[in-house]
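Welcome, and please open your viewer so that we can walk through this model together. Each stop tells you what to select and what you will find there.

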Amino acid sequence: MKRKLEGQVALITGASSGIGAGVAKAFALEGASVVINYSSSPDKADKILKEIQSAGGTAITVKADVSSEQEVVDMYKEIFRLWGTVDILVNNAGLQKDAKFHEMSLDEWNRVIGINLTGQFLCAREAIKEFLRRGVVPEKSKAAGKIICMSSVHEVIPWAGHANYASSKGGVMMLMKSIAQEYAPMKIRVNSIGPGAIRTPINHAAWQTPESYQQLLKLIPQKRIGEADDIGGAAVWLASDDSDYVNGITLFVDGGMLLYPGFEDNG
Ligand code: BGC
């Protein structure tokens, strides 16, 4: 059987760890040529590269800070030089800089908005330019290109102590929907994944001790933390023609976190 992403070039931002690394590995197994973008950890990016290669996959690493317009443009130039085009963008790079709102510095605000929201704008803009230039290649996909924005349950759940992060994800939701609407006629599909708590470095504190893990489980009806693989499978589906009629949605992969778990015991 033909693999789901055979022959397609996929750029995954922030792929040196966590969810991005999981998506990169899942895409490579489905036949995509994977660009592992990273900003500050070449060693970690190399480790993911080696894992993909030793499983028979194809990948490269490219350094770029997604909040820098020049670095994003240069990253795409490098991908085009090596592989000619890009078919799939996973706008994944993101971070948290948590603080009480009245103590939040402008730098903490700007950094989170810069990477999580402006970074998604810059990477999506360059991808869409290429999708429009190239159009549909029917042997590869029914779409001219696919973008998956890594959002969060916090695009809808307010989050005290994380106003910068929640605002960035609320912004990602409207960015995703607006460009999905704008480019659907050109056969470009744009969707989001909204992960709940996934076991990655970003939320280490929430699962590292038995006590914190028990606290976390109160928020998750399925009573387990998610793993990067849970997101990898959803991302493959959204990137493949299996979801060709799906456009402008957020697919929440959260073990039920959005189900008001406070009401589990009759409220
Ligand atoms: C955050 C995690 C958090 C999860 C659920 C994610 O978007 O990055 O830190 O555990 O949402 O609250």
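Start by selecting helix 1 (18–29) and helix 2 (42–54): each of these helices supplies at least two residues of the lining of the second largest pocket. Keep in mind during the tour that this is a predicted model. The lining of this pocket has 14 residues, and those nearest its centre are Ser16, Ser17, Gly18, Ala21 and Ile48. Try showing these five as sticks to find the middle of the pocket. The space in the second largest pocket comes to about 210 Å³. If you colour its lining by class, you should get four nonpolar, five polar and five charged residues.

**Next stop: the ligand**

Now select the ligand and bring up its surroundings: Gln96, Ser152, His154, Trp159, Tyr165, Gly196, Ala197, Ile202, Asn203 and Met257. How many nonpolar, polar and charged residues does the shell around the ligand have? There are five nonpolar and five polar residues, and no charged ones.

Zoom in on three side chains in turn. In glutamine 96, a polar side-chain atom lies 2.6 Å from an oxygen atom of the ligand. Histidine 154 also has a polar side-chain atom by the ligand, 2.7 Å from an oxygen atom. For asparagine 203, an N or O atom of the side chain is 3.3 Å from a ligand oxygen atom. On its own the ligand has 310 Å² of accessible area, and the protein covers 91% of that.

**Staying with glutamine 96**

Keep glutamine 96 selected and follow the chain around it. This residue sits in the loop between strand 4 (88–91) and helix 4 (106–134). Is glutamine 96 buried or exposed? Its relative accessibility is 18%, so glutamine 96 counts as buried, the cut-off being under 20%. Add aspartate 98 to the view as well: the side chains of glutamine 96 and aspartate 98 make a polar contact at 3.0 Å.

**On to proline 195**

Select proline 195, which belongs to strand 6 (residues 188–195). Proline 195 counts as buried because its relative accessibility is 5%. Then add serine 152, one of the residues around the ligand. Although proline 195 and serine 152 are 43 residues apart along the chain, their C-alpha atoms are separated by 4.9 Å.

**A look inside: the cavity**

Rolling a probe the size of a water molecule over the atoms shows where empty space is left. In this structure there is one cavity of 30 Å³ or more. The largest cavity has a volume of about 40 Å³. To see what surrounds the largest cavity, select its lining: Gln8, Asp87, Arg134, Gly135, Val137, Lys140, Ser141, Ala143, Ala144, Gly145 and Lys146. By class, that lining holds three nonpolar, four polar and four charged residues.

**Last stop: two backbone angles**

Most residues other than glycine have a negative phi. Select lysine 223, where phi is positive at about 55° although the residue is not a glycine. You will find lysine 223 in the loop between helix 7 (210–217) and helix 8 (228–239). With a relative accessibility of 39%, lysine 223 counts as partly exposed.

Finish at tyrosine 260, in the segment after strand 7 (250–253). Tyrosine 260 is not a glycine either, and has a positive phi of about 50°. Its relative accessible area is 65%, so tyrosine 260 is exposed.

Notes:
Residues are numbered from 1 along each chain as its sequence is written. This is a predicted model: local features need pLDDT of at least 70, side-chain atom pairs count only at pLDDT 80 or more; totals for chains, interfaces and linings use all residues. Side-chain values use heavy atoms; hydrogens and water are left out. On a 1 Å grid over the protein atoms alone, a cavity is a set of points where a 1.4 Å probe fits but cannot get out, and a pocket is an open set with protein on both sides within 12 Å along at least five of seven lines; lining residues have an atom within 4 Å of a point. Grid points are joined across faces, edges and corners, and a volume is the space filled by probe spheres set on the points. Helices (H or I, at least four residues) and strands (E, at least two) are DSSP runs, numbered from the N terminus. Ala, Val, Leu, Ile, Met, Phe, Trp, Tyr, Cys and Pro count as nonpolar, Asp, Glu, Lys and Arg as charged, and the others, Gly among them, as polar. A residue is near a molecule or strand if one of its heavy atoms lies within 4 Å of it. A polar contact is a pair of N or O atoms within 3.5 Å; within protein, one must be able to donate a hydrogen and the other to accept it, and residues adjacent in sequence count only if both atoms are side-chain atoms. Accessible areas come from the Shrake-Rupley method with a 1.4 Å probe; for residues, only the protein chains shown count as cover. Buried means under 20% relative accessible area, exposed over 50%, partly exposed in between (1.4 Å probe, protein chains only).
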